[in-house]
Each structure stands twice: as structure tokens, then as C-alpha cells.
Amino acid sequence: MASSDRFDTLLSEIRTFAPPSDFVAQANFSDPGIYEIAAADPEAYWAQQAGHIDWFSHYKTVLDWQPPHAKWFVDGKLNATYNAVDRHRLTSRKNKAAIMWEGEPGDSRVLTYDMLGREVDRAAHVLTSLGVKRGDRVAIYLPMIPELPIAMLACAKIGAIHTVVFAGFSSVALKDRIEDAEAQLLITADASWRRGSVVPLKNNADLAVEGTSVQRVLVVNRVGAAANSQMREGRDVDWETAMAAAPTSAFPAAVMDAEDVLYILYTSGTTGKPKGIVHTTGGYMVGVNTSMRTVFDLKDDDVYFCTADIGWVTGHTYIVYGPLSAGATLVMYEGAPDFPDRERYWRIIEKYGCTIFYTAPTSIRTFMKWGPQYVEKHDLRTLRWLGTVGEPINPEAWMWYNEHVGKGRCPIVDTWWQTETGCAMIAPLPGITKTKPGSATHPVPGVSARVVDEAGEPVALGQGGYLVLDKPWPSMLRTIWKDDERFAKTYFGKYPGVYLPGDGARLDGDGYIWILGRVDDVINVSGHRIGTMEVESALVDHQSVAEAAVIGRTHDVKGQAITAFVTVKEGVTTGDELVAELKAHVVKLIGAMARPEEIHFTAELPKTRSAKIMRRLLRDIAEGRAIGDTTTLADANVIEALKLQYQDREQ
């Protein structure tokens, strides 16, 4: 992938931020030498990190690498739930809060590590009573309630493989995943709450399990009569009844091999068929636990709030297995950031005294659109670390986050990683790294990431190309469930032995990595390859713009033309004058080749419930194609309104 002719001003960002001195003084890692130590002998580094995990039987070999297949901590025996819960019950953390849960209607619940352990043990007894055995697959289709991590941890404790399906998915999407995983049991809820409305999970589940391998359905009563759901005799089991009848005795943790599968998590593929990403026990637990100590600088007295949904990998890694393995106190929230009002996140941070806050750039841009007044109503002085996840963050969103949420005293930790990588691969270490707004900075210790050209050769400073990971790491995916050939071709087919994430990136003059987004989100305008993130950053840099999504539209002369969908800040008047101003602004920051051919103003952009913009659907609109799958959208009405608006303008 060639770089554009100019290295635009956005990606040669001159603003830099050193770690706050008081943060450095208390940081888990403040010596830059950790990078050299890890690079000199990665296996020794990871072996040292593995010492923070409890093993039933010590591994014999750190790494067996037969590209594209890796085995980490060979022949080591452990259990993920033992590491996440049970071992803390044997220490002073026994009565420490593990999960502080806030429901959307305002109900709340606190589970100490001992309480969580007892709930997990009961759930493990329930699963075995329903016939679930080691190696069986259990599908979980639950909202953000404590029963979700309890169910996951119960599966891991008995050696069953869980596959969590995001509660925003349709019955068709749920069925596809159940069938691919060949799940024997489904755990769901009668319904869930979303912005005060009832989402009929049980009714969706009833449709999904018909004709599948699912034999029993375990149902949590979350909403009650308003769910309007029915229990099917002989198949459905009430969670509360089963838990009350379960033995109160401890359930012995299954002794799992390091390479035994912990979970399958489905992610989208270019073919449209979801890919079942397989993560195993040993390497994943070492990776996520290490990440909490290095990237997140987790301390024993931290109160940690990640806004992701557990239905996505961020929730698996940075709500369940990572924080709990490190003995954290975490805040788990069920609802939306603007219900019942736009202060919900800030109210939660103030209420629980959160010290770490991890959210998506899309959310930050939404907060920008709303204005800082909602943040400023609340005392957020407990915050000491701020992070972002999910997509590249625009420099101005980074600056807004730093100024209005962090008040200039919290390091901003922008993380790059994927479902497939298991945990953060590129991110600043908050006690060491000088940050630049919009850059994920450098690979974390123990990870080797490069930017290469089409031939696989490293690019020079100031150049762009493909992001690759050229050495194995513990939390890497092991395969695609039931499709190892697709695994090898998708991730290791272009450069043998080198992992290709599918993202474009650039190195700036200081060697910082700038993620440009998916390679297929790179627009080729008259031979110039322009990353959508570059144009989006330029648009959001304008004082009137809250959010922007950019796609490439087929053009007879240029090959592709840039089309932008823009959401403006409240009170801004849209029209031809602003269109011209925004086009000029992009030209000023990037160059004439990046000038958008067309700009469309919209009140909302189509997003998933995990806050990712669905650019694929915007391309469908711009190209006049039939709209693709919309099951992951938070609000399907947004795409229909955009389609009508676009068609009206074209006529």
C-alpha cells in the first residue's frame, strides 16, 4: 500500500505530552529500559510476566512457534477462573469489591471477590446439572448484568467453552453463531433495558434456537412481566430457581492445559460470514494480566470503569479476565451514556470514585458534540488514567478528552488492538511514553509491530504502508473455529509467518505509529491513497464539526471520490457555505487531493452498539447498492433516514 505524496499535517502532529510527574512517581513502570529488555529476549520477558499467573503445573517450554501456529507455555496447567476469582479469595482481597454494578433503571449491586466466587461456584454446579461438560460450547446472550461475567467464569471453571453473543444482535445473527459453535446450552435473559425500552432477548432466543444443537435454555429474569416472554416446559430453566437449588459447596476448578480453548468470539469478516476467533487459556491470561499492569498501570486501590459491552472483545479482556485476574475493583454499567440524561457516565465516575476510565473515540466525539457543561457539573478529581479503544482517535477529540475530562493531569492512553490480538498491542506506557494526540505511539513491551510496504519491507520514517506484527505474542488467536485454512490465509497469507491485521499505518518522523484504519477504508483518488481517518481528522478539526465518517465512492475519472457524512455541533447552521468551508479546511490540512467531492450533513451516523461507525453501510448508500446487514446497528432508523436524505439530494 503506497503512502500519499504528502505527509499531512495531522500525522506530523507537533503537540507532545510528557507523562505527568506525579503519575510517573507512582507508576508501575517508569524505566524505558523495559522495552530493550523485552526486545532482547521476548520469551524471557513473557516467562517473567507468566509469574504473575498461578499455575497448577508449570509449563515446560515458553513458546513453540510453527507459523502460523503458536503454542505458548507448553504443557502448563491452569484455570482462568481460578486466576480471576478463586486465588483472590485466599488473600486480603477476599472481601474487596470485585464488581460494582449499576443497572440502567438505577438498581445496583456490589459483589466482593468472595461473593463473586460463591455465585460462580453455584453457576458451575447448575451448568453441570444441565449436562454441560468440559469442551462443550455454551452460548451466552445476556445484557450487561452481573450474571454475564458469572456465566462466563462458570464456563471457564468447568472447562466449557463460552461464546458470548452481543445482546444487540438479532435472532438470525444469534442463530448463525450458535450453529457454527454447535452450542449445547444457551444462557439468556427474559429481556434487557435500553434507554428505558424493553429489548426482547428471550423472544429472539426462542427464534434462534429452533433447529439448532441447543437442548436447554437457561433464563435470567431481568425485566419481569414487561418482557412478555414465555418459558418452554422441558427446555427452559429459570436461572434464579436453579441457582437457589444448587449446592453451596465450592466447585473444583478444572485443570486446563495452556492451549485448551477458553472462548470463541465471533467477529465480522470480509466475506460476510462471521469468524469464530479462538483464544486459549494460558497465553491469553498472561497477556491480559500483563496489559493491566503495564498499559493500564492498575493499582490495588483503583476503581476501574470500562464502558464497553462484554459482547465484544474489549469487554472480555478489559472488564472480565484482565481486571479480575489483577484483583481490580471494576464498575460495570448496563445502559446508555445518555439515559436518563447526558450526565450518566460522569455521575457514575463521581458516585464510585473511578480512577481509570476507558471508552471509545466515538463516545468522546459525542461528548464534544454535547458540550463540556455536562462533564463540568461533576467532580472527577478521582480520575488518574484515561484511555481510548475501538478506532483511531482524532487529535482534536484527544485534546478535548485531555482538557475537559482529564483536566490536563491524566495521561491519555490510546490503544490499538483487535479481537484477534486478545489485548492491547500498540499503546503508550503511561509512566514512560511521551504521547501525541491521535497516535497510539509504540508497540507495548514484548510485541513487535512494523509498518511495511507491498513487498513486506519496513518503510522509512514519514512513510505509510501495512501494519504487521512480525513476532508471535501470548494472547494471539490460535485459529478460526472449524476453519484453520481461512485462519492461515486471512492473517498469514500475504507475508508468511507475519501477522497481517488488515490496518494501514504510518510512521512519523519520530517513529510514532499512526493507525489509519482498515486497508479497505483507504481511498484511492487519482492514484493518491488517502486514509479515511486522515480526512475525518481534518473535518473534526473544524470548530463546527462533532463527528465525521468518510468513504470512497466510485468515480469515472478519479477512480474513487471522497464522500463525507458530517455531524455538526449543536447550534451550528448547515448549508452550502459550511460545505465550502469544510472542503477548504480539508485542503488546508491535507492537500487538494483529499478534498471531499461531496459532504452530507446528518444528525446521526450509523453505529453499532459498541460505538463503531458502520462505514460499510455508508458505502452502500453512496454507491446506490442494496443496504447490507444492519443487525449490529444501535438504531436501524438512522440508516433509513440517511438513505432517503441521500437519494433526495441526488435527484
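1. Is P395 buried or exposed? In this predicted model, P395 is buried, because its relative accessible area is 3%, and this proline belongs to helix α15, which covers residues 395-405. A reader tracing the chain may also look at G438, since the C-alpha atoms of P395 and G438 are separated by 4.4 Å although the two residues stand 43 residues apart along the chain.

2. One sheet to locate is open and built of seven strands, in the order β5-β4-β17-β16-β18-β19-β20, with mixed pairing. Its edges are taken by β5 (108-112) and β20 (412-414), each of which has a single partner strand, so that one side of each is left without a neighbour in the sheet. Neighbouring strands here are turned by 20° against each other on average, when direction is ignored.

3. Within the seven-stranded sheet, β16 (residues 303-306) pairs with β18 (residues 356-359) in the parallel sense, and three bridges connect the two strands. C306 has Y358 of β18 as its bridge partner. Helix α12, made of residues 344-352, packs on this sheet and touches β4 (97-102), β5, β16, β17 (329-333) and β18, while the direction of the helix makes about 145° with that of β4.

4. The cysteines deserve a separate point, as a search of the whole structure finds zero disulfides. For C306, the closest cysteine sulfur is that of C354, and because the separation is 11 Å, the two are too far apart for a bond. C306 counts as buried, at 3% relative accessibility. C410 is likewise in no disulfide, and the nearest cysteine sulfur, which again belongs to C354, is 12 Å away; C410 counts as buried at 3% relative accessibility.

5. Another open sheet consists of four strands, arranged in the order β21-β22-β24-β25 with antiparallel pairing. Because β21 (449-452) and β25 (513-518) stand at the edges and each has a single partner strand, one side of each is left without a neighbour in the sheet. In this sheet, neighbouring strands are turned by 40° against each other on average, direction ignored. The partner of β21 is β22 (residues 464-469), which runs antiparallel to it and is joined to it by four bridges, and A449 stands opposite L469 of β22.

6. A449 appears again at the second largest pocket, which holds about 260 Å³ of space. This pocket is lined by 14 residues, and the closest to its centre are A39, P443, V447, S448 and A449. Helix α2 (33-40) and strand β21 each supply at least two residues of the lining, with the largest share, three residues, coming from α2.

7. Strand β30 (residues 598-601) is a further place to inspect, since both of its faces are covered. In a regular strand, side chains alternate between the two faces of the sheet. On one side of β30 are E598 and H600, on the other I599 and F601, and all of these are buried. Strand β29 (residues 559-568) pairs with β30 in the parallel sense over four bridges, and in this pairing F565 has H600 of β30 as its bridge partner.

How values were computed: Residues are numbered from 1 along each chain as its sequence is written. This is a predicted model: local features need pLDDT of at least 70, side-chain atom pairs count only at pLDDT 80 or more; totals for chains, interfaces and linings use all residues. Side-chain values use heavy atoms; hydrogens and water are left out. Two strands pair if DSSP finds at least two bridges between them. Axes are lines fitted to C-alpha atoms, for helices over the stretch in contact, and angles run from 0 to 180 degrees between N-to-C directions. Contact means heavy atoms within 4.5 Å. A disulfide is a pair of cysteine sulfur atoms within 2.5 Å. Buried means under 20% relative accessible area, exposed over 50%, partly exposed in between (1.4 Å probe, protein chains only). On a 1 Å grid over the protein atoms alone, a cavity is a set of points where a 1.4 Å probe fits but cannot get out, and a pocket is an open set with protein on both sides within 12 Å along at least five of seven lines; lining residues have an atom within 4 Å of a point. Grid points are joined across faces, edges and corners, and a volume is the space filled by probe spheres set on the points.
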